[in-house]
Amino acid sequence: PGLPDPAPPKGCADPCLRVFYDEKLEVGYRRYDSHNIEPAYAFGHGRSYTSFVYGNLTVSLSQVTFDVRNIGGVAGAEVAQLYVVPP
């Protein structure tokens with residue numbers, strides 16, 4: 001949902017729509033957290049037609065590395081998410 005842009009930028013697809021976000025930083029999980037709302041699915045729950053495994057985790061003060069391997073029967077992509085907290 002968006003409104004037609006009265007002054008679309010050059011190269012914008014027709015119809016060019018403008019979307020206004022007035023939530024500021026309260027988007028996605030931040031809104032749930034700030035209003036104590038329990039989401040239907042955990043953040044990052046994502047669904048896939050294949051399966052992935054993570055391994056060889058290495059953590060240091062400045063770097064985290066690990067392997068991600070598709071072990072399913074279908075090609076797919078995985079987005080790894082890492083959550084850190086300042087010490």
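F52 touches V68, R69, N70, I71, G76, A77 and E78, leaving aside residues up to four places away in sequence. This is a predicted model, and F52 is a useful place to enter it. F52 sits in strand β3. At 19% relative accessibility, F52 counts as buried, because the cut-off for that class is under 20%. One of its partners is G76. F52 and G76 are 24 residues apart in sequence, yet their C-alpha atoms are 9.0 Å apart in space.

Step back from F52 to T50. T50 lies in the loop between α1 and β3. Is T50 buried or exposed? T50 is buried, with a relative accessible area of 11%. Its contacts, again without residues up to four places away in sequence, are N70, G72, G73, V74 and G76. N70 and G76 appear in the contact list of T50, and they appear in the list of F52 too. Two of the T50 contacts come with polar detail. The T50 side chain makes a polar contact with the side chain of N70 at 2.8 Å. The T50 side chain also reaches the backbone nitrogen of G72, at 3.5 Å.

Now follow β3 itself. The strand runs over residues 52-59. Y54 has its place in this strand. With a relative accessible area of 43%, Y54 is partly exposed. N56 is found in β3 as well. N56 is exposed, at 57% relative accessible area. The backbone of N56 deserves a look: its phi is near 55°, a positive value in a residue other than glycine. So β3 carries a buried residue in F52, a partly exposed one in Y54 and an exposed one in N56.

Which residues form the nonpolar patch on the surface? They are Y54, L57, V59, F66 and V68. Together they have about 480 Å² of accessible area. Two strands, β3 (52-59) and β4 (64-70), each supply at least two residues of the patch. The largest share comes from β3, with 3 residues. Y54 qualifies on exposure because its 43% relative accessible area passes the patch cut-off of over 30%. V68 links this patch to the opening contact list: V68 is a patch member, and F52 touches V68.

A second positive phi occurs outside the strands. N36 lies in the loop between α1 (29-34) and β3. N36 has a positive phi of about 50° although it is not a glycine. At 74% relative accessible area, N36 is exposed. T50 is in the loop between α1 and β3 too, but T50 is buried at 11%.

Next comes a charged pair. How many salt bridges does the count come to? The count comes to 1. The side chains of E26 and R31 meet in this salt bridge, with N to O at 3.1 Å. Side chains of opposite charge can pair when their charged atoms come close. Both partners fall in the middle class of accessibility. E26 is partly exposed at 31% relative accessible area. R31 counts as partly exposed at 39%.

The last stop is the N-terminal part of the chain. The structure holds 1 disulfide. It joins C12 to C16, with S to S at 1.9 Å. A disulfide is a covalent bond between the sulfur atoms of two cysteines. The link of C12 and C16 is right-handed, with 90° about the S-S bond. The two cysteines fall in separate accessibility classes. C12 is partly exposed, with a relative accessible area of 35%. C16 counts as buried at 9%.

C16 leads on to D5. D5 touches C16, L17 and R18, not counting residues up to four places away in sequence. D5 has its place in the loop between β1 (3-4) and β2 (17-18). Where does the side chain of D5 reach? It reaches the backbone nitrogen of A7, at 3.0 Å. D5 is buried, with a relative accessible area of 12%. The contact between D5 and C16 therefore joins two buried residues, since D5 at 12% and C16 at 9% are both under the 20% limit.

Terms used:
Residues numbered from 1 in each chain as written. Predicted model: local features only at pLDDT ≥ 70, side-chain atom pairs only at ≥ 80, totals over all residues. Heavy atoms only, no water. Disulfide = S-S within 2.5 Å. Buried < 20%, exposed > 50% of the residue type's maximum accessible area, 1.4 Å probe, protein only. Patch = residues over 30% accessible without salt bridge, like charges linked within 9 Å, V, L, I, M, F, W, Y side chains within 5 Å. Areas by Shrake-Rupley, 256 points an atom, 1.4 Å probe, with all protein chains shown as cover. Salt bridge = Lys/Arg side-chain N within 4 Å of Asp/Glu carboxyl O. Helix = DSSP H or I, 4+ residues; strand = E, 2+ residues; numbered from the N terminus. Polar contact = N/O pair within 3.5 Å; in protein donor to acceptor, adjacent residues only side chain to side chain. Contact = heavy atoms within 4.5 Å.
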